[in-house]
Structures are given as structure tokens and as C-alpha cells.
Amino acid sequence: MVETFKRKLHQSTTTKKVHLIIFLFLSISFILVATLWIQGEVFNGVRSYIRGEGLWAKAQKDAIAYLDRYSHTHNINDYHAFLDSIKVNHGDQKARLAMNQKPVDYDNAVQGFLEGNNAPEDIDSMIWFYLNFRQISYLQEAIRIWEEADHKIAELVSLASQIHNLVQQQNFTDMDELRQQLYTLNDTLLILENDFSNVLGEGARWVNQTTWIAGISILFLFSALAFLISKQILSSISIVETRLRVRESQFRALKESNTIGIIHWTLEGCIDDANDYFLNMLGFTQDDLKAGLVNWLNLTPSDCRERDFQAIQELMDMGRCEPYEKELYSVNGNRVPVYLGASLIDDSNDHGIAFFMDLREKKQQEEQLKLSAAVFDVSHDGIIITDNQFSVISVNRAVIDITGFDEEEIIGHTPSLLRSNHNHVDEIYNELQLKGFWQGDLIDSTKEKKTLPIHVSINTIKDRFSNISHYVFILFDITESKAREKKLKHLANHDKLTGLSNREHLEYKFHEAINKAIDNNNHVALLFFDLDQFKPINDTYGHDTGDELLKIVAGRLNRHIRQSDTVARIGGDEFIILLEPLNNRKRAEEIVIKTLKELSMPIMINGHEIKVTASVGLSLYPDDGSDMKTLMEHADREMYHNKSGKKC
């Protein structure tokens, strides 16, 4: 069969073979477009359901919040608010039940999704996705979770009825138990919500992988067929002459075009040749080109060069680069956004041709779309839009939820985070003028005067004259991440076993203490403690007992120091106490005596009475040295001298 196919190919004319290639190309294009359409519809369905899950989850949380508040306040308005919120969940249930009917009750499904607050433009995708993919394991699991969640909503409604009856009867004996059931139900619903999103995400990844493999397989088949056909064509025409003629014709047509810029470039930045469109786009002339004034490196802003370097690497590897966006300086210094692609010519490694498209009009349209999207887009992140004088003209619901301020208290005023961080205002303004954006962490406060750490991104929106017309603030509440950061910082600076400062933190505290001592003409003391006979204790009673002993020793070392002093563990059984500030050596010696006495007291660990002693060395700044290394060595020598004296 393969031989017959080859023979027919050989007998065909070149024209028929070309037509066959075109047919194959159109066929593969149609198949790929269909595949991409299906993939797009699937992802649109997944996106719609995940967005719907967010609305479902918000309604559920609001309902539980209102019901919880009703159980405390007994205000009938809270109960009515609960009933209004739960309608969203009932709407989605109504839609699911309608889609499960045979035949499908399309009208009730649409009505149910609308009652669930889903966007009208998403509903067709949601119904299509459900009906066509509900037999897939991922969606079956998602539907099972959905049904289980609806059962929990039914339990929630029943629980609400019980709470309402108790309130009506003024009998609050079982109210605490009902609240506990409410909280447990809320936790269960949260798990189901997360499981629903995760299952849909896994399904989307499966679809992506499947369509990718199918696309690659189809492309491989097309490539194989095209190779066989092209091999026959190559035997009947002169490839080199044809390619040269086509290249010359295409390049001439492109160069004379008034819709695209064409240049001949070198890696050193030189532009040897360029058409009028490219020169006019940047305000140059052919005379400027001949004078060597048009250099693509000099015309590239510094913040765009990294992408150029990536493109050059692609050129070295493949002889061409993927088209990308960047900016070029015009003759008057303005930045012109462009879309470009480049390739090497004549098997060269240092020069080639490139095309440029002017994106200024496109960018202006995108900026206008960004403003519209910023106003109407629903986001869990706080969004504030101001005019070019930083007066708020619009905020989304998330800003009100984050700060606690009403919309009327925000509109027309400067954002409170700028007023709260006035020392950063100049920096923010300068960055916005220079780069068009700023981002960083700021400290704001809520309406209740609570401290609120926020990560803020600010972007500028420009009009068609490239003047700033608006600013868009995007706010992220980073309270939890700041708490984690504080915990990680503590772990990085403290010994894991004893909780004492580690060597790195001790060095930081030492340098801080020395600077204070210099300013105030004070002393700083280092007390170097080493436990006597710790190894025999560790060997006799085991490492667990040894570790517990080190923890107890750490606690005793902390007992006689001030808040300004620091206790650190720098080795197995080696400890340092940093005393600052001090007026004289006597105070340090007093602490040594008290601490040694404290350490010598018997310790009970796991039924064993253990007696431990320690040797100590003392060094004093500036009497014994001016840096930590010198003072540590002095204290270490004194400690070993004292330890040797005990052995004698």
C-alpha cells in the first residue's frame, strides 16, 4: 500500500502535488482550529464554573455569617439576609437538577444559573460544558462534590430553621450547640469548595495535555506526508533559484511597503539599510541613515535590552527569533512601542534583516480597555482608580472589605495608604513618572484603626497624547505573609533546640551594642560559658536527656539578665551572654557569680538527678578588645584557664 502511494505521488504533476500540500495544510489547520476551539470552550467552561464556585462560596459564607450573627443578635433582618444569600446556592442546585433531566430543562437551567448570580455570558458555556463532559471522571467527581455540597446546604437551611425557632420561642438553651454545628458545617463546605476547584483544575490540565498530544500527533502526520510530497517536488525544480527569486521578490515588496518597517542590521547596532516606513516611524530620514545616526542599540531603552539579548541568543541557536514587543526612542526622545521579528541571512552570525510594526495606536486602545476593565472587573484584590491628582474616582468592593471604609468615605479623597505613608509619596511619584508603575509594601490602617500591611501595585494610564490621566491601585492584604515572614526571621536568627540567639544573630547584636557603647561611652561584656563534663552526661543518659539539659541550661542563663542583654548558643554546650550597656566590670562579674550558682543546682530529667557545672570566661569592651573576634578569643582563653584550674 505504501509503495502504491509512492508510485502515485511520483506520477503526479508538480501542480497536483502543490495542491495536495495546500489541501493537507488546510485540513490540518481546520483540525487544529477545531481542537483549539474545543480546548478554548473547555477552559471557558472550567473558568465559568470556578468563577461560579467563587460566587457560590461567597454566598455560602455570607449566609453562615448572617445566621451566626442572627443567633447572637436575634435581629430578624439578619435572618432575612441569610435567606437572601442562600438563594444563590439554591439557584445553582436548580440549574444542576434541570441539566440532569431527560430531556434537559434548558430554561430552568438558565434561570437557575442566573439566580446563582452567574454572568449571563457564561451560562451557555457552563451548560455546554456540563452536558458534553459530565461522563469524564473529573467532572463526575466535581458533580459528586457539588451534590454533596447541596446536601450540606440543605442541612444549613434546616439548622437555620432550628435557630429561628429557638429565637422565636426565646429559648436559647441549645443555641451554643447549634452554633457549633454551624461552624462544623462551614468547615465541611470550605473543604468541598476547595475540592471542587482542584478537581476542575486537574480536569483542565488533562484536557490541555490531551489536546496537546493530539495536536503534536496531527502535526507529525502532516509533516511526514509533506516530507514525502516535497521530496518528489525537489527532484523536478531548481530549489536554490526558486528560493532566491522568491526571497528577492518578497524583500523588495516588503521594503517598498508603507505598512511595515524593514531594516538590515548588524550585532554591533549598525543599520545599513532601512525603508522609509521604519525611518518615518522614528522621525529619521535617509540622510540620517547614511550619516550613521540610526543605530538600533542606541535607540533601545535600557529596560528593553534584556529581551534583545534573549532574541540574539535565539538567532544564534536557530537563525531566527520569535517576534516580540519592545520600545525604541524616536528622534525627539519619545518611546515608540513596536512589534518586531528578525532572522540571520546568508548563514551569517552577525547580520540579518528585521521587520517592525508600529504599536502606538494598539497600545492606546489597550490602555483605554484597561481603564474600562479596571472599573467593571470583579476582583478579590482591592482596586482603586484615581485621577491624575490622586483623587479617588472609583473603588471595588474588595477595597471596602479590606479597609472597612464606606465608598462615600473614599471617593473624592486621596487614598488613605498615601496619607498614612507620606514619607514614601515622593518616591512613589518619581517612580510613576519615570517607569509608569510602582509596587511595594505599605502600612495602612482600617476604619477601626487596626494596622493593615498591604502590598500595593500602582500603574499609570495615559491618554492618546501620552499624558497621565489616571492611576490604578491594586491592593493585596499581606497580613498573613508578614506574620510568616516574622516567624521565618525568628527561626533564621535563633537556635532550633534552645530558642536562644544563634551565632549570626549574636554578631548582629554585638555590632549594634558596640555602636551604642561608642555613642554613650559605655562598656560591653562577653561571658563565654562551657558546660563541664557534658559529653559523659550525653553518653550516659542519651542525647534526648542531653538536649533537655541544654534547654534547662538555656532557661537558667536567661534568668539573671536584662531585656537589653542577649543569650546565644554558639556550639554544642557553648553559650555566650552579651551584656550591654555596662558601666564597669563589677556588674558583669556579679552576673557570672549568680549564673554559675544557678547552673550548679541539681536538675531532674527523666528520673535522673544531674549536677552540672560550667566554666566561664569574661572579656570587656574596650578593655580587652574592640571587635568580636578579639573579645571571643580573650573570653575563650579565660574560660579554658578556669576549666584547667578545676581539673587541677
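A salt bridge is a side-chain nitrogen of Lys or Arg within 4 Å of a carboxyl oxygen of Asp or Glu. Keep that rule handy for the exercises below.

Before you start, note that this is a predicted model, where local features need pLDDT of at least 70, side-chain atom pairs count only at pLDDT 80 or more, and totals for chains, interfaces and linings use all residues. Residues are numbered from 1 along each chain as its sequence is written, and side-chain values use heavy atoms, with hydrogens and water left out.

**Exercise 1. Work out how Lys 58 and Asp 62 are placed and whether they count as buried, partly exposed or exposed.**

Step 1: Check the pair. The side chains of Lys 58 and Asp 62 form a salt bridge, with 2.9 Å from N to O.

Step 2: Find their home. Both sit in helix α2 (residues 14-73), four residues apart, or about one turn of the helix. Helices (H or I, at least four residues) and strands (E, at least two) are DSSP runs, numbered from the N terminus. An α-helix has 3.6 residues a turn, so residues three or four places apart point the same way.

Step 3: Look at accessibility. Buried means under 20% relative accessible area, exposed over 50%, and partly exposed in between (1.4 Å probe, protein chains only). Lys 58, at 44%, is partly exposed, and Asp 62, at 26%, is partly exposed too.

**Exercise 2. Trace which parts of the chain are linked by the pairs Arg 96 with Glu 147 and Asp 303 with Arg 335.**

Step 1: Start with Arg 96 and Glu 147, a salt bridge whose closest N and O atoms are 3.6 Å apart. This pair links distant parts of the chain, since Arg 96 is in helix α3 (residues 76-100) and Glu 147 is in helix α6 (residues 137-169), 51 residues apart.

Step 2: Add accessibility. Arg 96 is buried at 5%, while Glu 147 is partly exposed at 30%.

Step 3: Widen the view. Arg 96, Glu 147 and Asp 150 are linked in a network of salt bridges.

Step 4: Turn to Asp 303 and Arg 335, whose salt bridge has its closest N and O atoms 2.9 Å apart. Asp 303 lies in the loop between α10 (286-290) and α11 (305-318) and Arg 335 in strand β4 (residues 335-344), so the pair ties together parts that are 32 residues apart in sequence.

Step 5: Finish with accessibility again. Asp 303 is exposed at 56%, and Arg 335 is partly exposed at 35%. By the salt-bridge rule, the count comes to 33.

**Exercise 3. Describe how β8, β9 and β10 pair up, and where Thr 446 fits in.**

Step 1: Pair the strands. Two strands pair if DSSP finds at least two bridges between them. β8 and β9 run antiparallel and are joined by nine bridges; β9 and strand β10 (residues 468-477) are also antiparallel, over nine bridges.

Step 2: Follow the partners. Leu 442 has Ile 454 in β9 as its bridge partner, and Ile 454 in turn has Asp 477 in β10.

Step 3: Inspect the turns. The β8 and β9 hairpin has five residues between its strands, and Lys 449 there takes a positive phi near 70 degrees. The β9 and β10 hairpin also has five residues between strands, with Ser 466 in the turn at a positive phi of about 65 degrees.

Step 4: Place Thr 446. This residue is in the loop between β8 (437-445) and β9 (451-462), and is buried at 9%. Leaving aside neighbours within four places in sequence, Thr 446 is in contact (heavy atoms within 4.5 Å) with Ile 402, Thr 403, Phe 405 and Leu 452.
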